[in-house]
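Thank you for making the time this morning. I would like to walk through one model with you, going from the whole chain to a few single residues.

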Amino acid sequence: MAAIQWTQRGNLIGIPTDCPQRDERLGWMGDIQVFSQTAIFNMDMAAFFTKFCRDMRDGQTQDGRFPDFAPIPHGAASRFAGNPGWADAGVIVPWRCWVNYADRRLLAEQFDAMCRYIDWVDSLSPDHFCRDFHQLTPLTYGDWLNSDTFQKLADFPKGKGQCPKDVYATAFFAYSTGLLAKMARILGKQTHHDRLARQIRAAFNKEFVQHDGRIKGDTQAGYALALHFDLLPARLRPLAARHLVAAMQPFGGHLSTGIQSTVRAMLELTRWGYVDIAYDLINKTTIPSWGYMVEHGGTTIWERWDGFVEGRGYQNPGMNSFNHYAIGAVGEWMYRVILGLNPDENAPGWKHFHVRPMPGGGLTWARGEYRSIRGPIRVAWELTAGRFTLDVTVPPNTTATVELPGQPPRRVRAGRHVLTA
């Protein structure tokens, strides 16, 4: 977590740069889109994201595309705009702000721009799933820096890391459209986007999903995105989670995911009961892993999983940053799973929240704090001799639903009151 926080400090200065040291140093929106919840957990991002949403709107093209990075120089949007997962930050970041800060004004300011973006994607997707649909946005990024980009790692198969880009793009199209429909309801606006989101999900399943839950490409990323964006019918979700686990086997139990699907894979493994596998991934020290970065001198998060490899040396020197926060989005998993802190999107601004820590990986204690807009929320737990002890601080005028691991407890203390089963 310290490496994640130092990477955030090194990059979120005025704009969310992807790295502070290379020739880019731009506000790449794909990176901040996936990192936004981790950033909010770590720091108060309300004013920062309010300003950055203006940068996104200022860079929006006349046809509705959000830029791939913001602020964007004049004319650059003719090439760098509309890429799935990057342009979608124009929808996803405002939603994250709503859930955490309950800022209705930000949604209102961003709403028309979000509609223009989704309607642009829809205009190029007559069957409600995305193709390689435009010369300016050839879906070139995809799940950026997945295992297919590794160099000279013989044990990792090629061609099994990158999620097929039509699957990837359609998943983001469905997710962002669904979020826009939610924000329309919050603002009391009547739009067609709820119906459109259902149509996109139906098209996704018809075009890409088999009867056994297998998704085109059979990649970890494809399963992670489909599950995390709730695109699959209920009966196929546990099957898709099983396929996600199976897709790890060719990689020796490692992730093959890029920046857009890594934290989502971690969250879905946990959601579907594979807590031990997620903890194994967070504890690994073999490449590719966060532990490998730390054990090889990383005090900030690397851009590439294989930025440096023993016996091989450094990756491509033209694009190999060692201060890049995107893969550090796993911080969200650490807050949600290890500490157990989860906001309730139906009671935004942490008016109500869930506390459900999931111990594992040999951890015997954890403690942390989130400084919500309603006051500090503190969680500390300890596991000794089979006994789980949890201490939660809930700010005044808020409520929390607490879920304890294991069997229902026989004795719970709430302040000075003791409850017994």
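What follows is a tour of the overall fold, then of some helices, and then of a few places in the loops.

Let me say at the outset that this is a predicted model, in which local features need pLDDT of at least 70 and side-chain atom pairs count only at pLDDT 80 or more, while totals for chains, interfaces and linings use all residues. Residues are numbered from 1 along each chain as its sequence is written, and side-chain values use heavy atoms, with hydrogens and water left out.

Starting with the whole, the protein chain holds 13 helices and 12 strands, where helices (H or I, at least four residues) and strands (E, at least two) are DSSP runs numbered from the N terminus. The radius of gyration is 21 Å, close to the 22 Å that the globule rule gives for 421 residues, so the chain is as compact as a globular protein of that length; the radius is taken over C-alpha atoms, and the rule is 2.2 Å times the number of residues to the power 0.38. Along the principal axes, the C-alpha atoms fill a box of roughly 65 × 60 × 45 Å.

How much of the chain is buried? Buried residues make up 57% of the 421 residues, with buried meaning under 20% relative accessible area, exposed over 50%, and partly exposed in between (1.4 Å probe, protein chains only). The accessible surface comes to about 18,000 Å², and 51% of that belongs to carbon and sulfur atoms; these areas come from the Shrake-Rupley method with a 1.4 Å probe, and for residues only the protein chains shown count as cover. Among contacts with a separation of 6 or more, 65% are between residues 24 or more positions apart, a contact being heavy atoms within 4.5 Å.

Now to the helices, beginning with H3, where Phe49 lies. Phe49 counts as buried, at 0% relative accessibility, and, leaving aside residues up to four places away in sequence, Phe49 touches Ile32, Ser36, Ile40, Val93 and Cys97. Phe172, by contrast, is 123 residues from Phe49 in sequence and 21 Å from Phe49 in space, C-alpha to C-alpha.

In helix H7, which spans residues 193-208, we find Arg198, and this residue is partly exposed, with a relative accessible area of 45%. Its C-alpha is 8.1 Å from that of Gly178, and the two residues are 20 apart in sequence.

Helix H10, residues 262-271, holds Glu268. Is Glu268 buried or exposed? At 3% relative accessibility, Glu268 counts as buried, and its side chain makes a polar contact with the side chain of Arg271 at 3.1 Å. By polar contact I mean a pair of N or O atoms within 3.5 Å; within protein, one must be able to donate a hydrogen and the other to accept it, and residues adjacent in sequence count only if both atoms are side-chain atoms. Beyond residues up to four places away in sequence, Glu268 touches Ala224, Leu227 and His228.

Helix H13, residues 330-339, is mostly covered, since 10 of its 10 residues are buried; among them are Glu332, Trp333 and Arg336. Tyr335 also lies in H13 and counts as buried at 8% relative accessibility. Not counting residues up to four places away in sequence, Tyr335 touches Met1, Gln5, Phe41, Asn42, Gly340, Leu341 and Glu369. Asn346 is 11 residues from Tyr335 along the chain, and their C-alpha atoms are separated by 19 Å. After H13 comes Gly340, whose phi is positive, near 90°.

That brings me to backbone geometry in the loops. Which peptide bond is cis in the case of Pro71? The bond joining Ala70 and Pro71 is cis, with omega about -5°, and Pro71 sits in the loop between helix H3 (46-58) and helix H4 (89-101). The bond from Ile287 to Pro288 is also cis, with omega near 0°, and Pro288 is in the loop between helix H11 (275-283) and helix H12 (290-295).

Finally, two residues other than glycine have a positive phi that I would point out. Leu145, with phi near 60°, is found in the loop between helix H5 (104-123) and helix H6 (165-186), and at 5% relative accessibility counts as buried. Ala385, with phi near 50°, lies in the loop between strand S8 (375-384) and strand S9 (387-393), and Ala385 is exposed, with a relative accessible area of 90%.
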